[in-house]
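Let's take a walk through this protein together, one site at a time. Keep the viewer open and follow along as each stop comes up.

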Amino acid sequence: MKFTLAQEDPQSKARAGLVETDHGKIETPIFMPVGTAGTVKAVHQRELKEDVQAQIILGNTYHLYLRPGLDILEKAGGLHKFNGWDRPILTDSGGYQVFSLAGTRKIKEEGVTFKSHIDGSKHNFTPENVMDIQRTIGADIIMAFDECTPYPCEYGYARKSMEMTHRWLKRCTERFDSTEGKYGYNQTLFPIVQGSVYKDLRKQSAEFIAEQGREGNAIGGLSVGEPAEMMYEMTEIVTDLLPRDKPRYLMGVGTPANILECIALGVDMFDCVMPTRNARNGMLFTSEGIINIRNEKWKDDFTPIDPAIGNYASTFYSKAYLRHLTISKEILAAQIASIHNLSFYLWLVKEARNHILAGDFASWKTQMVKKVSTRL
């Protein structure tokens, strides 16, 4: 994987760059739609490419490992062949899902034992086998196995957890570097910075991760319930320490405003379930603000959902029609809203990139944060 820095904003820490993988190029800053179980919910691959214009999507190691299972994925020739997506894929390590199963898992130095949420069967994730699992899934970018600490979290626990994550990283890199990909293209490993909301731990973790010299780096353990200002503070501490010439990925973030603020802090890559999850509940993100499409006020609004975005779903369908579908519980409502929200997120990061390249990102961001946070 190769990363080239194209431009840095003079008034902030925002950057525009280019990530090159064997499955294609990714212009940063970028938002990555989340395809948990091998699909971005309610969206065809054709729509992802042509309407949403996604450049990279996520797969979830925990879910794919349990279903359809590694044997099916290997027979298919990896996730790209299985789901028909021919652009880059990133897989998370499954750590976040495993650790969210607080009642049914045990964490030890060796790894984590957990029970499947599907049938209660027992499984074991270690730094080594998580590398093997992600090799088999076949993602272009794979994540190190880490522990994502909850918020709030005591200092002592956060420190021990971070130290274990660092030890696990060493085991991940040893396994990754001693194995080959299965499907004839290159894969790359991103380590993850942890440390909860403690400045000294974040600093220590960022320095350790930077020393590993991998091709990209991630920031984990944020957007787990802490106030936004705290998330920004921790993000800035970390981005100031991570290498300038490597992409920085902030995991699981977030709202449009969160994304814009974190681009300004030097983050290059984002993912979040919010655009699709909120779409299924009737919440739309638009270039003018946030719409609850269930509200009475949209009942006879025959204007397009958001003409500024330019994609089919956002310009062809009216707010009134989408409200009718949503109230009627028609499946098409979830499809239209999901495509629209994802298109908006991809439009937003593309606009951010354009303004970084033009040198006026900071002033544009200030206006845009207000707009995208307004409830219409």
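Setting aside residues up to four places away in sequence, Asp 92 touches Gly 59, Asn 60, Thr 61, Gln 97, Gln 134 and Met 143. One of these neighbours deserves a closer look: the side chains of Asp 92 and Asn 60 make a polar contact at 2.8 Å. Since the model is a predicted one, please read such distances as values computed from predicted coordinates. Along the chain, Asp 92 belongs to strand 7, which covers residues 89–92. Its relative accessibility is 12%, and because the cut-off for buried is under 20%, Asp 92 counts as buried.

Why pause at this aspartate? UniProt, in an unreviewed entry, places the feature "active site" at Asp 92 and Asp 271. The two are spread over 180 residues of sequence, yet they cluster in space, with a largest C-alpha distance of 10.5 Å. Both Asp 92 and Asp 271 are included in the lining of the largest pocket.

So let's move over to Asp 271. You will find Asp 271 in strand 16, made up of residues 269–271. Asp 271 is buried too, because its relative accessibility of 8% falls under the 20% limit. Its contacts beyond four places in sequence include Phe 31, Met 32, Val 34 and Leu 58, and also the run from Tyr 249 through Leu 250, Met 251, Gly 252 and Val 253 to Gly 254. Within that run, Gly 252 stands out for its backbone nitrogen, which lies 2.8 Å from a polar atom of the Asp 271 side chain.

Next comes an enclosed space. How many cavities of 30 Å³ or more does the structure hold? There is one, and the volume of the largest cavity is about 30 Å³. Its lining consists of Ala 144, Phe 145, Asp 146, Thr 165, His 166, Leu 169, Pro 191, Ile 192 and Ile 209. Helix 7 (residues 155–177) supplies the largest share of that lining, with three residues. Sorted by class, the lining has six nonpolar, two polar and one charged residues.

One of the lining residues, His 166, leads us to the last stop, since Ser 205 touches His 166 along with Met 162, Val 193 and Gln 194, again leaving out residues up to four places away. Ser 205 sits in helix 8, residues 199–211. Is Ser 205 buried or exposed? With a relative accessible area of 0%, Ser 205 is buried.

How values were computed:
Residues numbered from 1 in each chain as written. Predicted model: local features only at pLDDT ≥ 70, side-chain atom pairs only at ≥ 80, totals over all residues. Heavy atoms only, no water. Helix = DSSP H or I, 4+ residues; strand = E, 2+ residues; numbered from the N terminus. Buried < 20%, exposed > 50% of the residue type's maximum accessible area, 1.4 Å probe, protein only. Contact = heavy atoms within 4.5 Å. UniProt positions renumbered as here; feature names shortened; annotations may be inferred. 1 Å grid on protein atoms, 1.4 Å probe; cavity = no way out; pocket = protein on both sides within 12 Å on 5 of 7 lines; lining within 4 Å. Polar contact = N/O pair within 3.5 Å; in protein donor to acceptor, adjacent residues only side chain to side chain. Points joined across faces, edges and corners; volume = space filled by probe spheres on them. Nonpolar A, V, L, I, M, F, W, Y, C, P; charged D, E, K, R; others polar.
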